[in-house]
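User: I am new to reading protein models, and I would like to learn how backbone angles and burial are read. Could you take me through some cases?

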Amino acid sequence: MEKISIIIPVYQVAQYLAACIESCLNQSYQHLEVILVDDGSPDESLRICEHYRQRDSRVRIVCTKNQGISRARNKGIQVASGDYIAFVDSDDTIAPDYLQHLYQSIKQTHSEVAVGSFYRIDDQNVYYFISRRSDLEQAKLERTYTPHEFFQARKHPLINRNFEFLWGKLFKKELFDLVECPTKRVLAEDAYTTWKLYAQARQIVFVNRDEYCYRLHTGSVTGRKDSPSLIALRAHVLKAREEQVAMEAAADLPISSGGQAQDMLTQLILAAAAGDSRERYQVRNAKYLQQVIGRFHRTVSRSDSTN
């Protein structure tokens, strides 16, 4: 049986951490390890981690000085012994069959990435759902995609809302051989990472099950609609989109849709400084491009031939 490594960066989450760990250990898919990366948390989080390590041999703890969530995730990836990688934020929880459904979908479809859905809960315990399995339009989205097809499918709101987050997904570990979380970014780290993992996969499967519970804090960046931090976050998301567009252009591929705001940026990139962006991206990511462009071309050709 293949092993799944669940990586949980831990920093000042003592209030929610036990529920998060419990939800991971209580999975119906039992062949897993839970890697708790303590990012120099000053609260009681490490003590809680130690409690679960003593209680369950599948729990591992990695301690680092505070360097941010990207370095914590990278450390977890380095020590992971599983065949697949899943990320869970330390204040979130997952349903008991979450991993089983994602893993089964990967094996049944011969995919390398399974993308699930999520629901949100706020500080007042109000739930927000975006997936409806009875919705016929959403049901059509629950299928396999080549990378280029999945980039194009992002124009659908349900795919778009689940596209960028590293959590809520199951990845074949080998996809991280050439990709790591950006350590020089402090915002929108996921947006700089997930599309690169998709681009390396031969096939992606979308699983329309909202079995990941994302906790939205009132005081968090994403909880304040007009805060300077959220404005900066949006700017980083658009910058990550620029990297994706530059990669597609460098590979002479059709430019995928990314929603209205991101498509406006796409037009600016292509019309104004596209040549410079493409050249800089090719130089900066030469190794990555060499590995990915050929594979990406093949998936686009395969998609075109079946349409």
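Analyst: The turns below go through a few features of this model, which is a predicted one.

User: What is noted about the phi of glutamine 12, and where is this residue placed?

Analyst: The general idea is that most residues other than glycine have a negative phi. Here, glutamine 12 has a positive phi of about 50° although it is not a glycine, and its place is in the loop between S1 and helix H1 (14-25).

User: Which phi does histidine 110 have, and where is histidine 110 found?

Analyst: Histidine 110 has a positive phi of about 60°, again without being a glycine, and it is found in the loop between helix H4 (98-109) and strand S6 (113-121).

User: Why is histidine 110 called exposed?

Analyst: Exposed means over 50% relative accessible area, and histidine 110 is exposed because its relative accessible area is 68%. Glutamine 12, with a relative accessible area of 48%, counts as partly exposed.

User: What does arginine 53 touch, and in which helix is it found?

Analyst: Arginine 53 is found in helix H2 (residues 45-55) and, not counting residues up to four places away in sequence, touches Val59 and Ile61. At 35% relative accessibility, arginine 53 counts as partly exposed.

User: Which residues of helix H3 are buried, and what covers them?

Analyst: Buried means under 20% relative accessible area. In helix H3 (residues 69-79) the buried residues are Ser70, Ala72, Arg73, Asn74, Gly76 and Ile77, and what covers them includes strand S1 (4-10), strand S2 (32-39) and strand S4 (84-87).

Note on methods. Residues are numbered from 1 along each chain as its sequence is written. This is a predicted model: local features need pLDDT of at least 70, side-chain atom pairs count only at pLDDT 80 or more; totals for chains, interfaces and linings use all residues. Side-chain values use heavy atoms; hydrogens and water are left out. Buried means under 20% relative accessible area, exposed over 50%, partly exposed in between (1.4 Å probe, protein chains only). Helices (H or I, at least four residues) and strands (E, at least two) are DSSP runs, numbered from the N terminus. Contact means heavy atoms within 4.5 Å.
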